[in-house]
Amino acid sequence: MSYIRLRGIGVSPGIAIGEVFLTERVIFTSRKESISPLQTAEEIARLKKAIKRTKEQLTEIKKQIKNKMGKEHSFIFEAHIMILEDKSLLKSLEKVIKEERAKAEWALSQVHNKYQKVFDSIDDEYLKQRMSDVSDVLARVYRSLEVKPKKKKDDGKEKILIAHELLPSEAALRLSQRSVLAVAMDMGGQTSHTAILARSLNIPAVVGLSNITKIVKNGDHLIVDGTDGEVIINPPPAIQKEFISKKRKYDDYREELKKTTKLSSLTLDSVRFFPWANIELPEEVNLAFSLGAEGIGLFRSEFLYLQRTSLPTEQDHLSVYSRLAREAYPSPVYIRTIDIGGEKALPQFKIEKEPNPALGLRAIRFSLKDKDTFRVQLKAILKASSLKNVRVLIPMITELEEIEEFKIIFREVKEELKKDKVKFDENIPVGVMIEVPAAAAITDILVKEVDYLSIGTNDLIQYYLAVDRSNEFVSYLYKPLHPSVLRLIKYIIDIAQREGKEITVCGEMAAEPLSAIVLLGIGLRNFSMNPIFIPRIKKALRSVEYKSVKKVVQEAMNLKTAQEIEEYVIEKILVKHPQAFLMREMS
Ligand code: PEP
Ligand code: MG
């Protein structure tokens, strides 16, 4: 029998072998049923009832998930309730019913399309993925328009879940209720809820497969390889054998890593390092700490804007930041002010399309232009700081004047809070991201103005090497070990240390074992990364001796190319510490 291999994006590592369980796709009907003007009030009442029912359902599911899977997984339902309560959403739906004299189903499909168009125009993959929350809520209201939604029976057997797209609430429900061996979907990306959830529950997942739902049928036999992003349909025995052995190896590796999470973050010669987590959703905090994080080194606050259709209020910001501070306490939480604008366009802001979004009105540039929105965020960060573990991090700083302007606003916001007798951390540390080469070149000037620095290597490398970080045609040039990049990073780290200021790397470079070892050799101690990579980085750094790494890296930095540097470091470190790269090819 012939078999099929499909390539997708591996978003949760591990291998599963089992039988297919195909889920139904949620489709909004697009047939327009007209109603008379007199019926519109009745239709709006029907819609409101469905919204009320949906809210009751969500509240109940939230309770269930909280009991079964813990609070961190129930938070998403809170976000969904917030979307549902958003006044502008109801207004848009009512408008369609009234103006088009159509039924509520039609209004839901039209409003869904409207949002889909806006989200489709966003280039940022993470932000794009948040459309699934809006779809999820609208689909739920849609189903609630029918008084008795149909329920499907589940036979309780362990299976591989196949879906076009698992809406976030569906993912939480399904992954909590039945034994799901793995997940494979047509849609989705690294930062979709399903991906985050699957990672936190250790369920292998491959997404972005385009049309797997059209190829497989219930009962088919499947291999899902979440590490390499591959799905094999009806594999012959030889291939199954190969994957059974790969699975065994991976499971052993996982066990080995698990042990690492509880061990101290020390190199062989007892140099202390700090593995921190980059997160995008508050529900990732517990996962991060369970994987060995010792702090939240980067909270990308942009997500807050995508959980709703209107601007988040101060209270919306505050409830998220307070939760982060509370759950991470006494460890630090670095809240980065919004990095939006440019290619990370948001539906709430009408930003002109820019010819060069990566060089456009982004991050701090945007915040300083829309000061009212910025003040709302800063106020909430300050209000959440009374436990004294919150830090403010400003993205995309290019020149000193931006820090000065920030400080004036920050001072004013602090004064307002004092006047209102609100408690906050008056000495809350403020730091900047070094991710624009111009800022890197004046590190000596900027460092004096702030409490700490954080190097955003994702952007710094993109701008320094003039290589778009998401353009596959030039990705061969994107080299963290390029001698120019290492020299620049060394320059920044040396200055920060000379001035006695804390310095972190929070780009993906910190998550790759070889680069992390090189950064250690340069002098770095704070490594912030996607939480799933913490165990392997901890394992790599615990396997080396700082003293010898420092010497090897010093020698390597005299070499001429990234390849020479890579080969030299691997050769020298491998001889001394073979354990250091054990984890490289596995994850
Ligand atoms: C970076 O640029 O390295 C960084 C951490 O920020 P982001 O990936 O969110 O742009
Ligand atoms: Mg960046």
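In the predicted model, helix α20, which spans residues 483–498, lies across three strands, namely β13, β14 (452–455) and β15 (502–505). Relative to β14, helix α20 runs at about 165°. The three strands crossed by this helix belong to a closed barrel of eight strands, ordered β9-β10-β11-β12-β13-β14-β15-β16 and paired in parallel. Neighbouring strands of this sheet are turned against each other by 25° on average, with direction ignored.

Within the barrel, the pairing of β12 with β13 can be described in more detail. Strand β12 covers residues 390–394 and strand β13 covers residues 430–434; the two run parallel and are joined by three bridges. Val 430 in β13 has Val 392 standing opposite.

The loop that follows β13 leads to a metal site. A magnesium ion, ligand 2, is coordinated by Glu 435 through OE and by Asp 459 through OD, at 2.1 to 2.2 Å. Glu 435 lies in the loop between β13 and α17 (437–441), whereas Asp 459 is part of helix α19 (residues 457–464), so the pair ties together parts that are 24 residues apart in sequence. Glu 435 counts as buried because its relative accessibility is 2%, and Asp 459 is likewise buried, with a relative accessible area of 3%.

Glu 435 also takes part in the surroundings of ligand 1. A polar atom of the Glu 435 side chain lies 3.0 Å from an oxygen atom of ligand 1. There are 15 residues around ligand 1, and those that come nearest are Arg 300, Arg 336, Gly 456, Asn 458 and Arg 469. For two of these residues, backbone contacts can be described. A polar backbone atom of Asn 458 is 2.7 Å from an oxygen atom of ligand 1, and a backbone N or O atom of Gly 456 lies 3.4 Å from an oxygen atom of this ligand.

Several loops contain backbone features of note. The peptide bond from Tyr 329 to Pro 330 is cis, with omega near 5°. Pro 330 is located in the loop that connects α13 (314–328) and β11 (333–336). Positive phi values in residues other than glycine occur at Ser 270, near 60°, and at Lys 421, near 55°. Ser 270 is placed in the loop between α10 (237–262) and β9 (274–279), and Lys 421 in the loop between α16 (400–419) and β13. Ser 270 is exposed, at a relative accessible area of 53%; Lys 421 is exposed too, at 75%.

Helix α16, which precedes the loop of Lys 421, contains Leu 417. This leucine is buried, as its relative accessible area is 1%, under the 20% cut-off. With neighbours within four places in sequence left aside, Leu 417 is in contact with Lys 379, Leu 382, Lys 383, Val 422 and Phe 424. Of these partners, Leu 382 is 35 residues from Leu 417 along the chain, and the C-alpha atoms of the two leucines are separated by 8.6 Å.

Technical notes
Residues numbered from 1 in each chain as written. Chains lettered and ligands numbered in written order. Predicted model: local features only at pLDDT ≥ 70, side-chain atom pairs only at ≥ 80, totals over all residues. Heavy atoms only, no water. Pairing = 2+ DSSP bridges. Helix = DSSP H or I, 4+ residues; strand = E, 2+ residues; numbered from the N terminus. Axes fitted to C-alpha atoms, helices over the stretch in contact; angles between N-to-C directions. Contact = heavy atoms within 4.5 Å. Buried < 20%, exposed > 50% of the residue type's maximum accessible area, 1.4 Å probe, protein only. Donors = N, O, S within 2.8 Å, 3.2 Å for Na, K, Ca; no water. Near = heavy atom within 4 Å. Polar contact = N/O pair within 3.5 Å; in protein donor to acceptor, adjacent residues only side chain to side chain.
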